[in-house]
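Biologist: I am new to this structure and should be grateful for a close look at a single part, chain B, set against its surroundings. Please describe how that chain is built and what it touches, and then turn to the neighbouring chain for comparison.

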Amino acid sequence: MLDFRRNKREISAAVAYLVLLAAVGGVAPSFFGAGNLGDLVINNAPFLLIAIGMTLVILLGEIDISVGSQFAVASVLAGVLAKAGVPVPLLFVAMIMIGTAMGAVNGFLVGRFGLPSIIVTLAMLVAWRDGLRWVTEGAWVQGLPENFQWFGLGQSGGQLVIVAIPLLVFVVFAWALRNLRIGRAIYAVGSDAEAARLAGIEPKSITFGVFALMGGLVGLAALLNAVRFNEIPSNAGIGMELKAVAAVVVGGAAITGGRGKLPGTLVGVALLGTIATALTFVGINPFWEKAIQGLIILAALVGDVVMRKYEERSAEG
Amino acid sequence: MENVGEQRELRTELPLAARWFPNNEWVLIAVLLVEVVLFSVSGANFLSAANGFEISRLAVEIGLLALVMTPIIITGGIDLSVGSMMGLSAVVMGALWRDAHLPLPLAILITLLVGVGGGYLNAAIITKLRFPPLIVTLGTFSLFRGIAEGLTRGIENYSGFGENYLFLGQGYLFDVIPTQLLIFVPATVAIYWMLERTAFGRSLYAIGYSAEGARYAGIKVRRSLTVIYTLSGFVSSLAAVIYVAHLGQAKSDAGTGYELMAITAVVLGGASIFGGRGTILGTVLGLFAIVILQNGLRLSGLPAELAGIMTGFLLIVVILFDRYSKSASAAPAGADTEEEFEVKNSQVGIISAAIILTGLIIAGSNWMLVRSIRDNGSAGSSEAKNAVQNTGTGKKAVIAMMPKAKGDPYFISCKKGADEAAKELGIELLWDGPTDLDPAKQNEVVEAWITRGVDAIAVSVENKEAISTVLKKAKDKGIKVVTWDADSNKDARDFLINQATPQGIGETLTDEASRIMGGKGEFAIVTASLSAANQNEWIKYIKQRLTEKYPEMKLVAIQPSDGDRDRAFTETQNILKVYPNVKVVMGIAAPAVPGIAEAVKQSGRNDVKVTGLSLPNMCKPYIKDGIVDSIVLWNTVDLGYLSVYAADALVNGKLKKGDKTFEAGRLKSIEVVDDEVRLGKPFIFNKENVDNFDF
Amino acid sequence: MSEILLNAIDVQKSYAGVKALRSASFELRAGEVHALIGENGAGKSTFIKIVTGAVEPDRGHLEIAGKTIAGNSPTISKELGVAAIYQQPALFPELSVAENIAIGYEHGGFFGRVDWRARREHARELLDRIGARIDVESEAGSLSMPQQQLVEIARALGAEAKILILDEPTASLSEDDTNNLFRVIRGLREQGVGMIYISHRLEELPVIADRVTVLRDGQTIGTRVVKDVSRDEMIKLMVGRELSQIFPKREVPIGNVALELRNFGSRKAGVKNINLTVRAGEIVGVAGLVGAGRTEFARAVFGIDEADSGEVFLNGVPIRNSHPRDAIRRNIAYLPEDRRKHGVILDLPIASNVTLASLQILSGRFGLNFGKEQELAAEYTRRLGVKTPSIHDSVATLSGGNQQKVALSRWLLTKPAVLILDEPTQGIDVGAKSEIHALMTELAGEGVAILMISSELPEVLGMSDRVAVMHSGTIVKVLERDEATQTEILALALGHGAAAASS
């Protein structure tokens, strides 16, 4: 049962999204064509993985702005490995491990040394990106093996995998975040790290783990995104970090930690992932896309305040 | 109280070290010194007054942002919207001046007011609605840039500003001092004054440590925050005004990514992201640590990407250092332990400095090693040819060549040809440029080359107005200048290596589309970013060609890809659905075409074909599949090859004004018309011939 | 004799060079309520933190449930059955009540499953047991302070703690809630739970405690059976000397009315209908229980929370303070209750802290005059006897008492006419305490009107010319010095004004 009171942020984001969809549908009914909805889902599925990771990071009260650069590094490595003849199942394992390793660097510096995550990941954002540029000199990975695209499953089979994995991860994480003790520990640390420590939770380990997990999800996302094509560019993921943060915040999570839910993030991803397409369908100039994105973030904030005010008033009255 | 007697002597004087370097700023001075020593050895003309001033010119815009970011970070806040505010301000100023015909000073004034307004918007949301600055300014980061793009539809590029105004960004006082220092230096002093010498500044530190505590001490927290965020908007606008004067053009992409650079400088300078600590001296040192690193690497002919890696490394070392010196000073402050932990503190300092030093030295020596190996290698293999071909001069020419963006596959293929030519000619080739399209960076690189003293500069120009001044300066210094791929103003270069004019490209693309469509029907374009100058030029000629020659063809949509393959993919999917009658999708950015092709392929629409401008290798699979009917391009490898040959010929006097042809290695005799060296017409790659090319 | 649950012998701990515990020994048996008393700053909280593993002792022997503990940690102590209810609720504000309670009792690996239904039911049951009516699904952060405390008690109950530490649990509870809690405590005692009960309300002890241990200056003074020890004896053990010795109260000439409040109130602060006058040279004590609105009243006067009813007169002129800045400009100063959060800015140097409220007097044509700042800061640090090697060290390096002196210096530098002191000696060592009292006397002598909020009745009685007693957001009565007694004040504070008058 959906309890409005406990999920008001998520529900209001969803309602806002539905209103937007209805408006788009009113102007351009073809938006709801099966083909379009399918494409939207497939295109945003890998990004959902990153937003899931970012939700965990933000729940801790931290932030990771290196994910875009990690994504680019992981994409290229996925291609290099595939070219080297690594079979598909092993590719999954390898990519998750590579991602986890990159995330672990952040996790180590933030968790172990207690350095501010925004600075650590800012440094990593620059370092990974420029490191990749140095090594690849901008070259794409080409000449991938035949069975790389769609994992050799053909278009529809591959698409199924691309959508199924993130959705599965989403369901598992949403469930685990709510129903496993480890999930609740993340909330506890984000809510009050010292109180969590007193309750027998180790905030340092949790922080390390979450950043490593974030990296693993980036690795997986990079792989799923890469197999949609038969070449891998070396400049992927620019600006992805801010989009992920925006999706999480629009989905109702508090940047200060401890508050937020994965279903909200799903709505946030859907909202931000739909704008560009919706604008094209409605016939609004794509030049306004960024402005609208900004307005959505600010509107989410203002909406939160309005809701808070309303609550206070109803609590008083 | 009377019990003072038993107290130990109270120290009231602040030790000098603590006064000047409250946050271990001396570490940065050490870093700077190491940088300077290393680069004065490895970089040509690094240690000269002119280079010193040049470095400071390059630092001005980001420096201004870093200056105003400092008080914000000291209060524990952050402002991600400064770079976007620069874009918005640039556009507003351009529009007011050119379209609204306001006199420039008035336009600038209004622009600065827009900055104040934008900053106040941030301030109002942060202080009134009480949201974290990170999220608020993330929102306005998108909003400001979005408004700038929306207002100009991305394509507007305001240029043609008067000399007096441009002097602000490009001129020199007494022939050496860049004009904008006249703004930067007073701004630095003013913000230093505000932050460290006034009651207001002191209250910002208090707010940073504890906003609540500050309020109890009678500090008006909200008002103070409002002031600094508004100031941030204002100074961002000011930075934009200088930026526009510096580049001679106002576009919506001004200042992209500058916010992160500014934050990096501030944090490197010892400010704590949690608030409370930071100094203007630190920020300025942090700024120059980054800028000198970039400049020095450039003058040493080392890859610019190292700057990013080193900056990231430095950032982490600096905050780690900070962390440990702080935990040391949090130790008991009993009278006896005082001495002890001071020692500890400095020990930590020395260790950290040593780490940085060794890091830099190891890195530096490695690069130099690599570089010398490379040099020897190329010199060795081409020595024989060198002797044959360059007997006339006997000197090894240095030719510096710049693409629009280093990472772009198109330019990578050009580099292939350039390397080939350099090897044959036995010259030293410097290949450097912005990592992404960035006209300001192009100027910076040229400036560095002038300082370094190269023989010839070959530039693929991103922005005519922006680069022409500095190219002229290079010419004045006796450096031969050619442009390739895209031209500057005519008087700013000696020759243009002309592979195709925008008009030629536009027309060929249109003709190809027409051929595929049978001269009628709908088609769509996927471009690079909406503000990309070249693409907008081509689109102009495509539209012109349509009205003149193909009235039955209709261009229904122009969608952006931001040079991102995946984005091109999504946009094409949308185009195919929204405009079902589209017969051809034309990609006019190299990475866009494979994205378009993949989208068409996955849609299963056999009736839609793809054409455009891209590289054969990238599109090969799709050309073979028949999805991409054809792509239009010249032989990019030959373009790079020819450019180096032409530059070398200029240096040796083998190519002069009035020549009709010149010999360019394996390309044999090349036609020269007036001041243009012609590569030949655009080439059309298709199923039949694509296998003959590898680039 | 029942089993010994906790045995601590000669435990020591210093913070930043200041000894918080010199030698604390304590023994707790199953099925007893063992009160731990002592003045603020005697080391009770530190001792508790050592038992719960929040901090590590420097030296000493600690034995929990028969096991000698070498390196204690929150996890270890929790596993051994220690649960604590701190003065400041340590709940997770964003999490639901049910979850906050569950975190106390759930054990096992991170991949253990959470049973929400069971959590809710168990939470309801636990809350029912202590008679608290709280929605288990509401966010903990949305509850009132007393409600949060009840949740904490429920959490400890749920943890089936063998050792339960209650740190002033009744401080903000109503009488009904208090009785209810005592019922719960007795129930637990019967089940063999050992409880460490910390309270300032000595009159509670005969009702609830079996034994009492007194801490003074970080040292265990002695352990007595509650039945055998009188209240006065307890106080004597706690204080270690006669009352009159500590309070250097001097008669000074009383001047004109400096501050006058008429029907003063603030909805935001939750105070109303306050009538009070403070004269120059007078010290008016403000007594009342935690939650009676004393601090809120001071905040409203100082302009931190907006006052929205009644009038304020300063030297007969009506004023309105809508921001602390306004109050400071009118020479009103407020030394806040929470020293570390509000009183000083811990990470700023001492000098900057001292001058923070008077920066305008340092501002010259050339900006801040650092020389003058050093002079003034040095003058006040010396005058108040702040023990520090340099005025440029951060306040965080000082002990509590010295921090408080810095906080006080800040306000003295503003040359206040009205000085509001909120728990000026809470949590600071005895030496600094008497220095501050002496300073108050000195200031009164100079004609400063002082309003002193304190929870320590001896302090209120010893220092005040008059005592205003607050109860549920208003001043119920102002007592003259000679009519103020502990029982009288307590009765008024508990809301039994009429009963006290008749007895």
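Modeller: The account below begins with confidence, proceeds through chain B and its contacts, and ends with chain C.

The model is predicted, and the predictor assigns the complex an ipTM of 0.89 and a pTM of 0.86. For chain B the average pLDDT is 84, and 88% of its residues score at least 70. Two stretches of chain B call for caution. Over residues 1-7 of chain B the pLDDT stays under 50, and the model has 10 contacts for them beyond four places in sequence. The pLDDT is also below 50 over residues 369-393 of chain B, a stretch with 17 contacts in the model beyond near neighbours in sequence.

Chain B contains 24 helices and 18 strands. Of its 695 residues, 60% are buried. Among the contacts in chain B with a separation of 6 or more, 75% are between residues 24 or more positions apart.

The domain assignment splits chain B into four parts: domain 1 (16-47 + 299-377), domain 2 (55-268), domain 3 (390-499 + 638-659) and domain 4 (502-633). Domain 1 and domain 3 of chain B are each written as two segments. Between these two, 5 residues of domain 1 of chain B are in contact with 6 residues of domain 3 of chain B. On the domain 1 side of that contact there are 3 nonpolar and 2 polar residues, and no charged ones.

The interior can be followed through the largest nonpolar core, which has 487 residues. Its members that touch the most other members are B:Ile399, B:Val585 and B:Ala646. In soluble globular proteins, nonpolar side chains tend to be buried together. B:Val585 may serve as an example. Leaving aside neighbours within four places in sequence, B:Val585 is in contact with B:Phe523, B:Ala524, B:Val526, B:Thr572, B:Ile575, B:Ile596, B:Val600, B:Val608 and B:Val610.

Chain B also meets both of the other chains discussed here. Towards chain A, 62 residues of chain B are in contact with 64 residues of chain A. The elements of chain B that each supply at least two residues to this side are α6 (133-152), α12 (258-268), α14 (305-329), α16 (409-425), β11 (553-560), α21 (565-578), α22 (592-603) and α23 (616-625). The most comes from α6(B), with 14 residues. By class, the side of chain B that touches chain A has 33 nonpolar, 18 polar and 11 charged residues.

Towards chain C, the contact takes 35 residues from chain B and 40 residues from chain C. On the chain B side, at least two residues each are supplied by α8 (181-197), α9 (199-209), α10 (211-216) and α15 (337-389). The side of chain B that touches chain C divides into 17 nonpolar, 10 polar and 8 charged residues.

Chain C itself has an average pLDDT of 85, with 94% of the residues scoring at least 70. Over residues 498-503 of chain C the pLDDT is below 50, and that stretch has 4 contacts in the model beyond near neighbours in sequence. The domain assignment gives chain C a domain 1 (4-241) and a domain 2 (245-502), and their centres, taken over C-alpha atoms, are separated by 31 Å.

One strand of chain C lies inside the residue range of domain 1. This is β3(C), residues 33-37; 5 of its 5 residues are buried, so the strand is largely enclosed by the rest of the structure. In a regular strand the side chains alternate between the two faces of the sheet. In β3(C), C:Val33, C:Ala35 and C:Ile37 point one way while C:His34 and C:Leu36 point the other way, and all are buried. The strand β3(C) pairs in the parallel sense with β8 (residues 194-198) of chain C over 4 bridges, where C:Val33 has C:Met195 as its bridge partner. It also pairs in the parallel sense with β9 (residues 211-216) of chain C over 4 bridges, and there C:Ala35 stands opposite C:Val212.

A further pair in chain C runs in the antiparallel sense: β11 (residues 257-266) and β12 (residues 271-279) of chain C are joined over 6 bridges. C:Phe264 has C:Ile274 in β12(C) as its bridge partner. The two strands form a hairpin with 4 residues between them, and C:Gly270 in the turn has a positive phi of about 80°.

Definitions and conventions: Residues numbered from 1 in each chain as written. Chains lettered and ligands numbered in written order. Domains from an automatic or database assignment. Pairing = 2+ DSSP bridges. Contact = placed C-beta atoms within 7 Å. Nonpolar A, V, L, I, M, F, W, Y, C, P; charged D, E, K, R; others polar. Buried ≥ 20, exposed ≤ 12 C-beta atoms within 10 Å, placed from the backbone. pLDDT = per-residue confidence, 0-100. Core = buried A, V, L, I, M, F, W, Y, C linked by C-beta atoms within 7 Å.
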